[in-house]
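Me: I want to check some labels against their cut-offs. Please show the model, then take my questions one by one.

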Amino acid sequence: MWGYIISGTALSAAAAAGYQSMAPTGQWYGQTFKGLPPRSRQLALTYDDGPNDPHTRQLLDVLAKHSVLATFFLIGRYVQQRPEIAREIVAGGHVVGNHTFTHPLLTFKREAEVRQQLLDCRAALNDAIGQHSTLFRPPFGGRRPAVFRIARELGLEPVMWNVTGYDWSAPPAAEIEHKVIRQIRGGDVILLHDGGYKQMGADRSQTVLATDHLITRFKEKDYEFVTIPQMMSWPSEYQGLEEKPRTRKNQELGKIKN
């Protein structure tokens, strides 16, 4: 009997460890930023797997139309292919972060490979846009303790998410919107995609359309769209407390820090 109990416990522990290696809000393998407490009126739009021609540019047009800034986690090899799009992202006032060079699942990569992926992406970003944020998002959300240790040794800060539109398979915009809307609680980091890790030119037209609708919907509900650095800089005593006003000092803290 004890053998069955021990085996069952071991299996449960392994399952939990596997879940934590991929779950975006899991914190077993190191603290990550995943949003503010509920009831905050801030939302952060984040986009993975770009730059992507032509949909990143279309997305930039939508964001500019609404005067909304977002955070883009870019793949290094695509930055090398389309450095001009990366520069357009920055010119629009948006924040750029590291999403590795080729988008591997880092959970199963050797430490040397993890480090090289982050360094190569950093080099591609430096060549294309110069100074950029220290934000890092692991592809697929996959990580283990060594991944975050290496990232922090390189001065990178891991960022995850707590809301996703499940848009990587390019579903209709209405489906993306529905999945995002039903998860929003306030203070959320929303994961969407302006590209696809397999190849340049992934169809993200429905994500562009969904973004347009989501911004309109939540602005009408008095939500504020911010970048990840703006959200991170929100004073802890104000996080999640929508009834407390922003002072001039707090407004200054909310400005982008590239």
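Me: Why is Lys179 called buried?
Reply: The model is predicted. Lys179 has a relative accessible area of 19%. Buried means under 20%, so Lys179 counts as buried.

Me: What makes Lys179 and Glu175 a salt bridge?
Reply: Their side chains meet at 3.1 Å, N to O. The cut-off is within 4 Å, so the pair qualifies. Both residues lie in helix α7 (residues 173-181), four residues apart, about one turn of the helix.

Me: Why is Glu175 called partly exposed?
Reply: Glu175 has 35% relative accessibility. Partly exposed lies between under 20% and over 50%, so the label fits Glu175.

Me: Why does Arg110 count as exposed?
Reply: Arg110 has 59% relative accessibility. Exposed means over 50%, so Arg110 earns the label. Its salt-bridge partner Glu113 counts as partly exposed at 30%.

Me: How do you know that Phe140 and Tyr197 are edge-to-face?
Reply: The centres are 5.2 Å apart, with 80 degrees between the planes. Pairing needs centres within 6.5 Å, and edge-to-face needs planes over 60 degrees apart, so Phe140 and Tyr197 meet both conditions. Phe140 lies in the loop between β4 (135-136) and α6 (145-153), and Tyr197 in the loop between β7 (188-193) and α8 (205-220), so the pair ties together parts that are 57 residues apart in sequence.

Me: What makes Arg57 and Glu88 a salt bridge?
Reply: The N to O distance is 2.9 Å. The limit is 4 Å, so the pair counts. Arg57 sits in helix α2 (residues 55-65) and Glu88 in helix α4 (residues 83-91), 31 residues apart.

Technical notes
Residues are numbered from 1 along each chain as its sequence is written. This is a predicted model: local features need pLDDT of at least 70, side-chain atom pairs count only at pLDDT 80 or more; totals for chains, interfaces and linings use all residues. Side-chain values use heavy atoms; hydrogens and water are left out. Rings of Phe, Tyr and Trp (its six-membered ring) pair if their centres lie within 6.5 Å; planes under 30 degrees apart count as stacked, over 60 as edge-to-face and the rest as tilted. Helices (H or I, at least four residues) and strands (E, at least two) are DSSP runs, numbered from the N terminus. Buried means under 20% relative accessible area, exposed over 50%, partly exposed in between (1.4 Å probe, protein chains only).
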